[in-house]
Amino acid sequence: MSADTASTLLLDRMDVESHVQAMAQTPGVRFADFFGSIEDDQLVIRLVWALDREHEYRVVRWPARGTGYPPLSEVAPAAFVEECEIYEQFGVSPGKGRALNRLVIPPRAEHSFPRLGTAPARERPLPHASHYVSGDAFEFPFGPVRGVGQESMYMGLVTSGEELIDLYLLQWHKHRGIERRLRGEGVARALFVVERAEGLSAVGNGWALCRAVEEIAEVSPHPAVNRSRGVALELERLYNHAAAIVALCQSTGLAVGQAQGEIVLEQLLRLNAAVFGHRYLFGVLAPGGTSRAADADALMTTLPPTMDTLRRLVDALWTTNSFVDRLESCGIVTPADAARLGLVGPIARASGQDIDTRRDHAFGPYRDVAVEVPVRATGDVMARMSVMVAEMEESARLALDLAGAGLGTGTVEVPPATGSALGWCESPRGESLLWVDLDAGRIRRARVRPGSVRNWRSFDDAARSRNVFTDIAIIEASFWLTVAGLAR
Amino acid sequence: MSPDRVRIDRRRLHVVREEERVAAKLRDATQRMFGRSLHIRTVDTGSCAVCESEIRLLSAPHYDLHRLGLFFTPSPRHADLLLVTGPAIRAFDRALEKTYGAMPEPKLVVAIGACPLGGVYQEDEFVHGQLERVLPVDVFVPGCPPSPLALLQGLLVAVGRLAEKVGAEDFTTLGEEEAP
Ligand code: SF4
């Protein structure tokens, strides 16, 4: 199979279990996504495997009639979130008596609450720990209105006052029904919505959508236009990682580092505005190309000095013991867990997973340039910061190289086509997947799976691993995920 | 230094001057009216996380809200201003109502971005679409997202409105009305 392909396989429902058994045990195969859609009044389930070493995505589908499907999360634990999602959106569960969590359906929601399919017969209860847990432990409720300038989310922290015993998250507060909203939309409007599903990954998620649509319509943008998209994607990674470093300084109480980091962050956002006309790169992409010309001169003159400022900051941080001490051995995600839970992006790479869609499933401009992928083994906050710093260097190099090869703007016409395809991209939070089913250029079903969806899955594990209460903010900063991306 | 080595980027200079102008006005207004302490609480009703990013940058060195006498506060009970982002998700109504309700009078609501204006999501089963349907909004700051400079400008307008509200309160009768 050549690089950057997705193949689709139709399974008989009876074969699903053995297929999943076989795939989950094959080394180098990663569970990537799992979702339902209603086709001809029938629920069809799709499972996406990433065969990173073979540069291939494999989409498997089967009709889920009657009893549903076998409990996949028993063999592929990563599938648990999606099992919960399919249950609350389509009312189909993996076998009787399985304990599933509630994800985005608010408590006290009516049976008529809008979903993608039919509501389940019984809504799942919310996860809950009693306030008096046992011995000296109690639940400390935090949220949904949290710190200043933080997204809404509820954290149930079970603690004895210092040590963190357990933690669970409720994220339904931000569910805007993005996938439901996309139904029936044209591609341009869909891109507008997908960019705003998780604004901090607007380019990553948006590009994945564009790629799926362009594949269905069998068009591809000019290489110079694709290079502009690449520059936008690398700039997005740069400002996000800078923001994560700012958050790390803030959560460790390092005010000077925070201020220095904010200077770099603001410079990067201004650079985005100078190069593409928007601080967060909204509206840069268009179906079939880009809608904004990139100012390569602004990039070439401003990025190198900004990187110098960043390097000075990072050097200072690595030699600040009070900072480094808080990062080491904090919020550990073991390589085994990272593989088991199908993590992606910097979090996976900090836990020994050598994956990056830009290299493993090369697309657009990344077919012509080599991407260095930093990998660390310890899986703690320190490793995540180290991966982010290395990625920033690589992103800056890539952005300058791509710009050096010449940037273009404009779109090729995307005819209103019919069919389905998987699009992918490496957003700052890791692999972003967009599966799209078009009917004469209108969306029948779009599955939006930002990197955040996969990675929140390991947050509670990271938080529980020998941490104290005050480490939570540090771990959250190092994950640098969005609630918007998960609760979409 | 020879004259040809002094390079002035006029575009940048303009932005800096604009920032300083807005900042100075805001500082004067807060100092005069609130004795250097106006407290802000933020709440997210379904944003895409980008408006939050711009709000956080208000306390960054480039904008430095603190020097203007404005502060973020984690507690709504200490807040004079409520900055609201997002399209007012219905499931969030109760949390929003509680946050607003906890703020002391006189208080002000500033809607941040296109979301609370209804510019991103139309009203439907998930969202109110416009914040005004659930809270009395005093100032809208448009933009997707509004830049920190636009946010400063919005705060300046809000500070003026708050002063009007303070002026309109009849403190001498407060308490008397509640007496039996
Ligand atoms: S106004 Fe725009 S930037 Fe702000 S939260 Fe809404 S979609 Fe995001």
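How do the residues of the shell around the ligand divide into nonpolar, polar and charged? In this predicted model, the shell comprises 9 nonpolar residues, 3 polar residues and 1 charged residue. The ligand has 13 residues around it, of which Cys48(B), Cys51(B), Ala114(B), Cys115(B) and Cys144(B) come nearest. The surrounding residues are drawn from chains A and B, and the site is therefore shared between the chains.

The association of the two chains was examined next. In chain A, 43 residues are in contact with 42 residues of chain B. Together the chains bury about 3,500 Å², and carbon and sulfur atoms account for 61% of this area. Of the area that chain A buries against chain B, 18% is supplied by Val148(A), Arg181(A) and Arg270(A), a contribution greater than that of any other three residues.

Polar interactions also occur across this interface. Residue pairs in polar contact between chain A and chain B number 17, counting pairs in which both residues have pLDDT of 80 or more. The side of chain A that touches chain B receives at least two residues from each of the helices α3 (178-182), α4 (187-197) and α7 (255-276). Helix α7(A) provides the largest share of that side, with 7 residues. Classified by residue type, the side of chain A that touches chain B contains 19 nonpolar, 10 polar and 14 charged residues. The rule for salt bridges identifies 4 of them across the interface of chain A and chain B. In addition, a salt bridge joins the side chains of Glu54(B) and Arg279(A), with an N to O distance of 2.6 Å.

Within chain A, helix α2 was considered separately. This helix spans residues 80-90, and 11 of its 11 residues are buried, so the helix is largely enclosed by the rest of the structure. The buried residues of α2(A) include the aromatic side chains of Phe80(A), Tyr87(A) and Phe90(A). Val81(A), Cys84(A) and Ile86(A) are likewise buried in α2(A), as are Glu82(A), Glu83(A), Glu85(A), Glu88(A) and Gln89(A). The packing partners of these buried residues are elements of chain A, namely the strands β2 (29-39), β3 (42-51) and β14 (442-449), together with the helix α14 (451-455). Gly91(A) follows α2(A) and has a positive phi, near 75°.

Notes:
Residues are numbered from 1 along each chain as its sequence is written. Chains are lettered from A and ligands numbered from 1 in the order in which they are written. This is a predicted model: local features need pLDDT of at least 70, side-chain atom pairs count only at pLDDT 80 or more; totals for chains, interfaces and linings use all residues. Side-chain values use heavy atoms; hydrogens and water are left out. A residue is near a molecule or strand if one of its heavy atoms lies within 4 Å of it. Ala, Val, Leu, Ile, Met, Phe, Trp, Tyr, Cys and Pro count as nonpolar, Asp, Glu, Lys and Arg as charged, and the others, Gly among them, as polar. Buried means under 20% relative accessible area, exposed over 50%, partly exposed in between (1.4 Å probe, protein chains only). Helices (H or I, at least four residues) and strands (E, at least two) are DSSP runs, numbered from the N terminus. Contact means heavy atoms within 4.5 Å. Buried area is the accessible area (1.4 Å probe) that two parts lose on being put together, summed over both. A polar contact is a pair of N or O atoms within 3.5 Å; within protein, one must be able to donate a hydrogen and the other to accept it, and residues adjacent in sequence count only if both atoms are side-chain atoms.
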